[in-house]
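Biologist: Could you walk me through a few spots in this model before I go back to the bench?
Modeller: Gladly; let us take them one at a time.

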Amino acid sequence: MLLLLSPFAVAHPPGSDLSVDSLERLLQKQDKVAWQLAAALQATHEGEPRFDYLYALAARQAGQLHQAVFALERAVQSVPQAADLRILLGVTYFELGNLPAAEQEFLALQQARLPERETELVQSYLSRISKVRDPSQGYWQNWLQLSSGSDSNPNSGIDDEFVFVPLLGQVRLFAQNLEQRSSFQEVQAQLNYVLPRNQHSAFYASAGWLNSNYRHDAVYSRSYLSVLAGYQSRWRSMQWSAEIFYRPVELDSNSYLDYQGIKTAVSRDFGESISMGLDLTWADFAYANLPTLDKQQWLLESWMAVQAGAAEHRLMLRYGQESSDLQRSEFNSRDIRGVGYRWLQPLTAQWHSSLQLDYSMGDYQDIHPLFAAERQDRYLRAELEFTYTISAQWRLLTSLSHLRNTSNLALYQYRRNRAWVGVRYAF
């Protein structure tokens, strides 16, 4: 129905830029190059209602719904009487899951005198919203993922069978402490529940589960559970959220670690292409059978995201401390400093890619009781992921990652390469 609507309610201005005309022709042909051209023209034509409308269409075609919303909101502000714009804005809100905003647009359109075809479309979406959720009950967004791959060192073991301990001499390690290559299969599920209070505020809760099974006998199978609940809102120009979380880990069906805490976040947009924010986390580590490793953590992360054409670049800086619960020694306490970078890039309307780099330093605060030295670690992680969207429900994913921990204590030094392919179903 959207493709059958009139192209735009604003008259085509005489002598308009030929590049914008080219963009319109590409969109009529459903050419995937339209998004790249729209991004290139943004700096020159942003704010022109006709261009904003075409930019939004190109963004939707490329799967960039948030960018489409920004452009449509500008165009609606310039031409509030353009029903076609408001319909497309409402549809985009709906597809993003912002049901209160979508409902507000469609209810306003319901009061206007629209042609029969547009009236039917508005009624159709209002009906869909009422079926998706009762505004007082909230709604769900969930997915299930199956994947298979290979891991060069799933136990993060070292490549030497013996390690030197000053008090004991050469010590032979168990098989679980050594580097072991293994194939694996994973099942992952995520349930998300949102209870909107208004257009900018909502309660939310989620539960996630990941189970990894490895073929090699010496490699631990593992299960991760994540449960959280929180509230997000807006105060003036700031977006903020607060949540509590609980993330237990099991190894070979036995409890290994309980990780739980509180996280708060605040962010602000600077124009349409730059966002900045701060995340603060306080957490507690409780090990089932290794109480000497129990500790508390606080971590502060600042970030800046920049939208450059179709790509998004995000830079992150981290600082934190972990304090051991063991009173007589601080060997497990450390200072954490780190930097991260993430690059999101749509390749076509169906293909998307992401690159993530993380580097952190951990300097421990006391002598290790076994190795008679203060531990110093340097951790590097690099991950490249590709996603192919088959439909609104189905996606194919593949990922390559490299992890490396360099330490002055041989027992904690390892390298790990991981590759997998998977399929995800959203419901």
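Biologist: Where does serine 156 sit?
Modeller: In this predicted model, serine 156 is placed in the loop between strand E1 (139-151) and strand E2 (162-165). Its phi is near 55 degrees, which is a positive value in a residue other than glycine.

Biologist: And is serine 156 buried, exposed or partly exposed?
Modeller: Serine 156 counts as partly exposed, because its relative accessibility is 24%, and the partly exposed class lies between the 20% and 50% cut-offs.

Biologist: What about arginine 236, which loop is that in?
Modeller: Arginine 236 is found in the loop between strand E6 (222-235) and strand E7 (238-251), and its phi, near 55 degrees, is again a positive value in a residue other than glycine. Arginine 236 is exposed, because its relative accessible area is 71%.

Biologist: Switching topic, how many cavities of 30 Å³ or more are there?
Modeller: The structure holds 1 cavity of 30 Å³ or more, and about 50 Å³ of space lies in the largest cavity.

Biologist: Which residues line the largest cavity?
Modeller: The lining consists of Lys32, Trp35, Gln36, Ala58, Gln61, Ala62, Pro346, Leu347, Thr348 and Ala349; helix H2 (34-45) and helix H3 (49-61) are the elements that give two or more residues to it. By class, that lining has 6 nonpolar, 3 polar and 1 charged residues.

Biologist: Last one, is glutamate 116 buried or exposed?
Modeller: Glutamate 116, which lies in helix H7 (residues 116-132), counts as exposed because its relative accessibility is 62%. From glutamate 116 to serine 148 the C-alpha to C-alpha distance is 50 Å, with their positions 32 residues apart in sequence numbering.

Technical notes
Residues are numbered from 1 along each chain as its sequence is written. This is a predicted model: local features need pLDDT of at least 70, side-chain atom pairs count only at pLDDT 80 or more; totals for chains, interfaces and linings use all residues. Side-chain values use heavy atoms; hydrogens and water are left out. On a 1 Å grid over the protein atoms alone, a cavity is a set of points where a 1.4 Å probe fits but cannot get out, and a pocket is an open set with protein on both sides within 12 Å along at least five of seven lines; lining residues have an atom within 4 Å of a point. Grid points are joined across faces, edges and corners, and a volume is the space filled by probe spheres set on the points. Helices (H or I, at least four residues) and strands (E, at least two) are DSSP runs, numbered from the N terminus. Ala, Val, Leu, Ile, Met, Phe, Trp, Tyr, Cys and Pro count as nonpolar, Asp, Glu, Lys and Arg as charged, and the others, Gly among them, as polar. Buried means under 20% relative accessible area, exposed over 50%, partly exposed in between (1.4 Å probe, protein chains only).
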